[in-house]
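Let's take a walk through this structure, stopping at a few backbone oddities, some helix contacts and a small sheet.

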Amino acid sequence: MDSSEAPAHRPVTLDIDGADETLEASVPPQTDPTEESIDLDAEAFVSPQDDSSHSESLVDKLNDQMMESVMISDSPNSEEEDVVPIDSLLEQNEEEEPKTPDDADTEERIEDVRNKDVSAAEPEEASGALFKEENEGEKIVQVDDKRETVAPDDPKPEAPKTQESALEMDSDSTPKDEAVPVCTIFSQGVQLKAQALIPDGFQPTLVKSPSFTIGNTETPNKLVPQVCQPSPSLSKFFTDSSAVNPASDFFDSFTTSTSFVSISNPNAESPKAAAPPESPLVSAPTAAGTYFTPVATKPQVAPAEPMNKLQAVFPSGDDPFGSALVTSDLDKRRDAWLPSEDTRRVLISVATQQVSPVQIDREQLAMPGLKFDNLQGDAVKDLMQRFLGDQAAMKRQVLSANSVEQNFLGLKRLISTKNWRAAVDLTGRLLTAHGQGYGKSGQPTNHTTDSLQLWFVRLALLVKLSLFQNAELEFEPFGNLDHPDLYYEYYPTVYPGRRGSMVPFSMRVLHAELPQYLQKPQETLDRLHRIKSVCQKILSNLQEGLAEDGSMMNLTQDNRLASIQLWRSRLSRVMYSMANCLLMMKDYMLAVETYHSIIEYEPEQRVQLLSGIGRIFLQIGDIRTAEKYFQDVEKGCQSKGKTANEDTSVLMNRAFVYLSQNNYADAHTCFSSVLELDPKNPVANNNAAVCLLYLGRLKESLGQLESLVHKDPALYLHESVLFNLTTMYELESSRSTQKKQALLEAVACREGDSFNVQCLKLV
Amino acid sequence: MQVKGQSSAADKMEVNQAKQEHLLALKVMRLTKPTLFTNMPVTCEDRDLPGDLFVRLMKDDPSTVKGAETLILGEMLTLPQNFGNIFLGETFSSYISVHNDSNQIVKDILVKADLQTSSQRLNLSASNSAVSELKPECCIDDVIHHEVKEIGTHILVCAVSYTTQMGEKLYFRKFFKFQVLKPLDVKTKFYNAESDLSSVTDEVFLEAQIQNITTSPMFMEKVSLEPSMMYNVTELNSVSSDNESESTFGKMSYLQPLDTRQYLYCLKPKPEFAEKAGVIKGVTVIGKLDIVWKTNLGERGRLQTSQLQRMAPGYGDVRLSLELIPDTVSLEEPFDITCKITNCSERTMDLELEMCNTRSVHWCGVSGRQLGKLSPNASLSIPLTLLSSVQGLQSISGLRLTDTFLKRTYEYDDIAQVCVVCPYTSPES
């Protein structure tokens, strides 16, 4: 596999002691004699754009999605005869450089670039001289100094001598007993945090558009001003319906949009709608509120006693109404959750009417409210305005929160048309109508199934839009999603007989996943483990013949099996999240283990999971292990008798192996044969084009991608493909901007307001 | 060379723009390995508000893995997003594209790519012949590769010369600068086989600590010691049982950033070079480490250390080694050891042995006894008796040899260690 590159790999000699003879000995004879005189330029040691550390890995990930510009760039047409400090690595796009019209400005530009460098902790280069005269003694001293501070465990010349074979220690004359100093380029740990948001590499100098680099930090910042502005119209319109608003809600069921009361409905403000709405979903009997006879609810339950006592209280056998109050099996299965001890105590006391909800300490309640309003905006349109003019921008038609029905149906329309920003706005309006609008955070409120579903959708969309800080802000009042008022038992009058958590399971997963995007992966893992243990407890309850929450309740066999299936799938979803998080943390071994354990739960995803694990190993560079997993995939496929789909995954895996062996030609062949089986496969199409570029066939690659985007925009107007395409435009010609604008137009006709315009690299 | 002054061909040039508008544009992009696109799954269940919407959105997204949409690591390749870091021993690859931006045919195009390091200038172009003509909107492509062998600043110098339709010869160049960083930190440490009971072996152990000082995980494909001609090497980095050899690093085949790994090698001098007493002195060349690693999607790097050198243990004029010593002895009970004294010098010695007690070791017998004359390369064995008054692992020290000819004293401390145990049971029982 290495044969193709073999000639290129002359071993690099890392001189340890600088004795000239060894130098010569290690230099392959055909090389230039000067070759090995390694520059020990002191600055080289200090310089590196150390961008530190594993902790940044998540940011890397995020930035991966942000997509930076790649071009190495140059200072335009420098005519200096000899090597000069031209370090503008910034791609110069002549048309776009109004500030630097002539050579006289070159110097200034270089300064600019340098300033950027500084921010990226690149201390050197200030002198501008690239090639320092070597001053051996001095340098060695510097290196030594550094080492003194960095490696305090400096080996004393004692019996077993520590000889530090610095990789290229230069010709200092006394290699003998003295420990040879080691140059530790990266040891300045201080730089670590400063760079937290910068991905690998020389990137600060390279980034073409400033908005790119700071993309992910910037977005939330931009929103800050908006955060302080309540939407005037809505917040005025809906007066405070907070404190004593009984648990009624005017839009209780989303499944039947007809029953939805639009927000202009005066009911929204009326606190008197005490009776639960008649919704088909909540099978609440009309007798709500009367079924608790004082007799049945004598507070004989000690606070610490397990939940099933509570259950005993609830649909208790001697209560004639009890049996009538059983919520649908589906709801029970779905809503089941195990509250914490404290929460359980509160719920029991509410159920037993020891405490009325009014008396419960506010601190134990979830009191959410919008933290910002109207994030609005359509970046595609803004870009069009900027590059194509107002007229073109006028043509851009997307749905906004105003242009759809003000209910769940409208919300769904916005989501399915990928207008997620507008959808977030709409959730804001609907929540405002529910009394959880802007500024309502911290005020007691009543939760309903629907209000929590709205919150879930809103927060999920914020995450999808990568507005993680915003999501975190609004998640905050929910705590760990275990407040008593997030359980149905807290509202015995509104949801008589209904038990479990109002918080959708998906919202718990979302809540757990969020911190990893904010550089707190450990928090994510903690939360996921908590969810996982509840899932496992519920599963074991079910297997022991109990109900989900551990109560003694007879479930029909069908019911039990369905419930087990549901909870197993939830468990596997949580495991997926864990594995994904571990992967982002670059804890590859644990990630692989976790992915592998998912196969047990999702046997039908075996091929995908094994292939995915193989790709992880390729990412690490461990090609041999990757091949083992790929072979497992192939064996699995053979034993099943190949189907087309499995065949494509086998071919795809082979292509990735070739790619990892630097064999782009065979990789291209493999991707092409996937296309013979599945001509519309967007991944194979894109990947084949990428291979062409590495083979030096830019025009073909470009032609292929371009035609795909035009032929089948639904599949190929994807940020990864567009990013590749715009990168190639930049490489191909100086007129990339026009071509990108053409892409912008294509995007404008199809994509919603959630489109990530950064991949077009226009700004 | 003075491109600046030539403005004749650029009739479309703007008035106050002094810079030459060239007909050709040169673009350079570093080709690091592509990356796999990762997506961000947000899911919900059927009965949640969005219904199957989120699921459908994820299924329609071409970057997700079909059938396992919640797997974040997709299959879509994306081109490198920034220059990245380049490390010593890696291969620098770059795409060089010269594009005809004009609407006229350009002739005799010569593209040259040189890499300037602090010490040399290398030509990296695949071909050095001129392309006879280039039509509008066409380009000349070249992918260059170079294994970097120097640390520090590198400058890629791309020069383009061509002839316009008017017959004018034009030329421009561009410079691309990058830094080559050090990927690994290697420290080595030699251990001489502890007790030279049989002085024929003279084994040397080499411990190499290799630290990943890059910012990405690194798969160590090969770390081997290539011994010099005097030694045979045994790698001690795997444990074999039942014909299966398992790496001492377990399943962890890679090094995270800043992780360090220790490799251990045992070196034995070949019989013909066996380290006879006093024969090998001073610095000997042990060999060099050859390290091959891989990172993202098989990006490969390779480094060798220079020859590792080891000071043969200095025996001085007189070498004292042990031929016999128990490993465990009882507290306060005398035990015997046998010392071997070798004259490594070129002259005859007249030796006197002195035994000094230490805090724990007490010698039995007469100190200051004459051992007699010892000619060069000759040796003699002497049995000695001592006891220890302290429990635990005790170091045997305190032997002094004095050459009465030269009145020179040689000190021998820490000759060996014994474990001293208490033979009595505890008083209670």
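## An aspartate with a positive phi

B:Asp108 sits in strand S6 of chain B, which covers residues 106-116. In this predicted model, the phi of B:Asp108 comes out near 45 degrees, a positive value for a residue that isn't glycine. Most residues other than glycine have a negative phi. How exposed is B:Asp108? With a relative accessible area of 41%, B:Asp108 is partly exposed.

## Two more in chain A

A:Asn662 is another residue other than glycine with a positive phi, here near 65 degrees. You'll find A:Asn662 in the loop that links helix H25 (644-660) to helix H26 (664-677) of chain A. Its relative accessibility is 28%, so A:Asn662 counts as partly exposed.

Then there's A:Gln353, which comes just after helix H13 of chain A and has a positive phi of about 60 degrees. As for H13(A) itself, the helix runs over residues 341-351, and 8 of its 11 residues are buried, so H13(A) is largely enclosed by the rest of the structure. Which residues are the buried ones? They are A:Thr343, A:Arg344, A:Val346, A:Leu347, A:Ile348, A:Ser349, A:Val350 and A:Ala351.

## Chain A in overview

Stepping back a bit, chain A has 31 helices and 2 strands. Of its 763 residues, 58% are buried. Looking at contacts in chain A with a separation of 6 or more, 69% are between residues 24 or more positions apart.

## Two helix crossings

Start with helix H14 (residues 379-395) and helix H31 (residues 736-750), both of chain A: their axes come within 10 Å and cross at roughly 140 degrees. Angles over 145 degrees would count as roughly antiparallel, so this crossing makes H14(A) oblique to H31(A). The handedness of the crossing is left-handed. On the H14(A) side, the contact is made by A:Val380, A:Leu383, A:Met384, A:Phe387 and A:Leu388, while H31(A) brings A:Thr737, A:Gln741, A:Leu744, A:Glu745, A:Val747 and A:Ala748. Sorted by class, that gives 8 nonpolar, 2 polar and 1 charged residues.

The other pair is helix H17 (residues 449-464) and helix H19 (residues 505-513) of chain A, with axes that come within 10 Å and cross at roughly 35 degrees. This crossing of H17(A) and H19(A) is left-handed too. H17(A) makes the contact through A:Leu452, A:Trp455, A:Phe456, A:Leu459, A:Ala460 and A:Val463, and H19(A) through A:Ser506, A:Met507 and A:Leu510. What's the split by class? There are 8 nonpolar residues, 1 polar and no charged in the contact of H17(A) with H19(A).

## A four-stranded sheet in chain B

Back in chain B, 4 strands form an open sheet, in the order S23-S25-S29-S27, with antiparallel pairing. Strands S23 (318-324) and S27 (361-364) of chain B are at the edges; each has a single partner strand, so one side of each is left without a neighbour in the sheet. On average, neighbouring strands of this sheet are turned by 40 degrees against each other, direction ignored.

Strands of a sheet pair through backbone hydrogen bonds. At the S27 edge, S27(B) pairs with strand S29 (residues 379-388) of chain B in the antiparallel sense, over 4 bridges. If you want a spot to look at, B:Cys364 stands opposite B:Thr385 of S29(B).

Technical notes. Residues are numbered from 1 along each chain as its sequence is written. Chains are lettered from A and ligands numbered from 1 in the order in which they are written. This is a predicted model: local features need pLDDT of at least 70, side-chain atom pairs count only at pLDDT 80 or more; totals for chains, interfaces and linings use all residues. Side-chain values use heavy atoms; hydrogens and water are left out. Axes are lines fitted to C-alpha atoms, for helices over the stretch in contact, and angles run from 0 to 180 degrees between N-to-C directions. Angles under 35 degrees count as roughly parallel, over 145 as roughly antiparallel, 65 to 115 as roughly perpendicular and the rest as oblique. A crossing is left-handed if the near helix is turned anticlockwise from the far one by less than a right angle, and right-handed if clockwise. Contact means heavy atoms within 4.5 Å. Ala, Val, Leu, Ile, Met, Phe, Trp, Tyr, Cys and Pro count as nonpolar, Asp, Glu, Lys and Arg as charged, and the others, Gly among them, as polar. Two strands pair if DSSP finds at least two bridges between them. Buried means under 20% relative accessible area, exposed over 50%, partly exposed in between (1.4 Å probe, protein chains only).
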